Amino acid sequence: MFAVVACRECLKKRVVDLNDKSSTCPYCGTSGPHKNLKIYFQSDDQSLVRAALRQLTGFVPPVEKKQTSDADPYSTLEYRYEHCHSVDEKMRVLAEGLTAVYGEFTFEDLEKIEPKHAEKYLKAMLVEGYVHETKYGRYTA
Ligand SMILES: [Zn+2]
């Protein structure tokens with residue numbers, strides 16, 4: 001009987017023959033009995049056990065980086081704002097985006113994104129409840 005076990009010292013997984021009572025880890029040289037090791041997979045067919053080991057150790061796909069998490073929140077906000085289709089969407093993106101960038105934002109911060117209608121948007125965002133004023137001239141979503 002063969003099995004995939006994890007070394008109790010270095011925790012690396014390896015294949016052992018359970019007919020042997022003990023073995024030595026090829027990675028860290030620790031030897032010890034098999035009976036207390038955690039068994040991940042076992043079979044009489046050694047090739048199945050080796051395949052299981054490969055799956056357990058080798059075939060973990062690398063975590064893909066999300067592009068958006070690399071971009072800074074300000075360019076993300078500008079990009080999203082340019083692609084808004086409705087006034088409602090614009091207010092939502094502004095409220096979320098400015099809060100993400102500044103925590104609390106000011107009228108001037110809003111004006112950088114929306115130079116023409118900043119005042120109109122700020123008023124509407126307050127009325128619609130997208131943002132609220134935390135103290136004079138400071139807003140947050
Ligand atoms: Zn080891």
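1. Let's start with a strand pairing: Val4 has Val15 in β2 as its bridge partner. This is a predicted model, so please read the points below with that in mind. Strand β1, covering residues 2-6, runs antiparallel to β2, and five bridges join the two.

2. The wider sheet is worth a look next. Three strands make up an open sheet in the order β2-β1-β5, and the pairing is antiparallel. At its edges are β2 (13-17) and β5 (39-43), each of which pairs on one side only. From one strand to the next, the twist averages 25°.

3. Between β1 and β2 there is a loop, and Leu11 is placed in it. You may want to check its backbone: Leu11 is not a glycine, yet its phi is positive, at about 65°. For context, most residues other than glycine have a negative phi. Is Leu11 buried or exposed? Leu11 counts as exposed because 11 other C-beta atoms lie within 10 Å, and the cut-off for exposed is 12 or fewer.

4. Now to the packing. The largest nonpolar core has 15 residues, and those that touch the most other members are Met91, Leu94, Ala95, Leu98, Leu110, Tyr121 and Met125. At least two residues of this core come from each of α4 (87-102), α5 (107-113) and α6 (118-128). Which helix gives the largest share? That is α4, with five residues.

5. A second core, separate from the one above, has six residues. Phe2, Ala3, Val5 and Val16 are among them.

6. Leu110 makes a handy place to centre your view of the helices. Leu110 sits in helix α5 and belongs to the group in the largest nonpolar core that touches the most other members. Why is Leu110 classed as buried? With 22 other C-beta atoms within 10 Å, Leu110 is buried, because the cut-off is 20 or more.

7. Which residues does Leu110 contact, once neighbours within four places in sequence are left aside? The contacts are Leu94, Leu98, Phe105, Ala118, Tyr121 and Leu122. One of these, Leu94, is 16 residues away from Leu110 along the chain, while 7.6 Å separates their C-alpha atoms. Leu94, Leu98 and Tyr121 also appear, with Leu110, among the core residues that touch the most other members.

Methods
Residues numbered from 1 in each chain as written. Predicted model: local features only at pLDDT ≥ 70, side-chain atom pairs only at ≥ 80, totals over all residues. Core = buried A, V, L, I, M, F, W, Y, C linked by C-beta atoms within 7 Å. Helix = DSSP H or I, 4+ residues; strand = E, 2+ residues; numbered from the N terminus. Contact = placed C-beta atoms within 7 Å. Pairing = 2+ DSSP bridges. Axes fitted to C-alpha atoms, helices over the stretch in contact; angles between N-to-C directions.
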